[in-house]
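The following account leads the reader through one protein chain, from its overall architecture to individual side-chain pairings. Please keep the sequence and the model in view while reading.

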Amino acid sequence: MCLFSYAEDPDPDEQAPAGLLFVPVRPEAAGPVLRVFRTPLGERTAVGFSRRDLLTATLGAGQPAIPLAEPALRALTEPLGIDRLVVDPVLTAPAVTTGPVNAAGMPARAL
């Protein structure tokens with residue numbers, strides 16, 4: 001007999017609302033433009049951070065952001081065919097280098 005009740009455990013696909021998010025944007029002449037990212041498998045996704053310091057740790061101190069509620073962010077991305085929202089991502093690509101690269105596209109090492 002099981003001693004624990006699992007009736008209230010959330011389904012992994014049923015996530016709680018994220019609330020207010022700090023959303024990365026690009027500054028443009030007409031105003032800020034939402035940045036759209038890709039998952040490791042190439043799917044386009046919106047990204048939001050629950051705290052400004054998490055955004056800074058992931059994308060750097062110079063990354064502009066605007067506060068948006070989760071429903072507003074989803075409403076902005078839905079017409080673009082983007083239905084995925086990643087909150088507080090931590091994995092990013094390595095920084096872009098301006099130095100020479102080898103044939104494999106990797107930064108060349110000094111000998």
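Helices and strands are taken here as DSSP runs, of at least four and at least two residues respectively, and are numbered from the N terminus. On that basis, Thr-39 is placed in the loop between S3 and S4. The model under discussion is a predicted one.

The protein chain contains two helices and six strands, and along the sequence these follow the pattern β-β-β-β-α-β-α-β. Of its 111 residues, 20% count as buried. The chain exposes about 8600 Å², of which carbon and sulfur atoms supply 60%. Among contacts with a separation of 6 or more, 66% are between residues 24 or more positions apart.

Helix H2, which spans residues 70–77, is a suitable place to begin. Its buried residues are Glu-70, Leu-73 and Thr-77. Viewed down the axis of H2, these buried residues fall within an arc of 65 degrees, so they line one face of the helix. What does this set of buried residues of H2 pack against? The partners are five strands: S1 (20–28), S2 (31–34), S4 (44–48), S5 (65–69) and S6 (85–87).

Leu-73 of this helix also belongs to the largest nonpolar core. That core has seven residues in all, and Leu-73 is joined there by Leu-21, Val-23, Leu-34, Ala-46, Leu-68 and Leu-85. In soluble globular proteins, nonpolar side chains tend to be buried together. Ala-46, another member of the core, touches Leu-73, Thr-77, Ile-82, Arg-84, Leu-85 and Val-86 when residues up to four places away in sequence are not counted. Two of the buried residues of H2, Leu-73 and Thr-77, thus appear in the contact list of Ala-46.

Glu-70 adds a charged side chain to the buried set of H2. Its relative accessible area is 12%, and because buried means under 20%, Glu-70 falls in that class. Which side chain meets that of Glu-70 in a salt bridge? The partner is Arg-74, with an N to O distance of 2.9 Å. Both residues lie in helix H2, four residues apart, about one turn of the helix. In contrast to buried Glu-70, Arg-74 counts as partly exposed, at 36% relative accessibility. Side chains of opposite charge can pair when their charged atoms come close.

This pair is one of four salt bridges found in a search of the whole structure. Another joins the side chains of Arg-84 and Glu-43, at 3.0 Å from N to O. Arg-84 lies in the loop between H2 and S6, and Glu-43 in the loop between strand S3 (37–38) and S4, so this salt bridge ties together parts that are 41 residues apart in sequence. Both partners are partly exposed: the relative accessible area of Arg-84 is 38%, and Glu-43 has a relative accessibility of 34%. A further salt bridge is formed by the side chains of Arg-26 and Glu-28, at 3.3 Å from N to O. Arg-26 is partly exposed, with a relative accessible area of 40%, as is Glu-28, at 41%.

The surroundings of Arg-84 can be followed further through Arg-44, which is placed in strand S4. The C-alpha atoms of Arg-44 and Arg-84 are separated by 7.4 Å, although the two residues are 40 positions apart along the chain. Leaving aside residues up to four places away in sequence, Arg-44 touches Val-36, Phe-37, Arg-38, Leu-80, Ile-82 and Arg-84. With Leu-80 there is a specific polar approach: the side chain of Arg-44 reaches the backbone oxygen of Leu-80 at 2.6 Å. Arg-44 itself counts as partly exposed, at 35% relative accessibility.

The path returns finally to Thr-39, in the loop between S3 and S4. Is this residue buried or exposed? Thr-39 is buried, with a relative accessible area of 17%. Apart from residues up to four places away in sequence, Thr-39 touches Thr-45 and Arg-84. Arg-84 therefore recurs in several of these descriptions: it forms a salt bridge with Glu-43, and it is touched by Ala-46, by Arg-44 and, within the 4.5 Å that defines a contact, by Thr-39.

How values were computed:
Residues numbered from 1 in each chain as written. Predicted model: local features only at pLDDT ≥ 70, side-chain atom pairs only at ≥ 80, totals over all residues. Heavy atoms only, no water. Buried < 20%, exposed > 50% of the residue type's maximum accessible area, 1.4 Å probe, protein only. Arc of directions from axis to C-beta. Polar contact = N/O pair within 3.5 Å; in protein donor to acceptor, adjacent residues only side chain to side chain. Core = buried A, V, L, I, M, F, W, Y, C linked by side-chain atoms within 4.5 Å. Areas by Shrake-Rupley, 256 points an atom, 1.4 Å probe, with all protein chains shown as cover.
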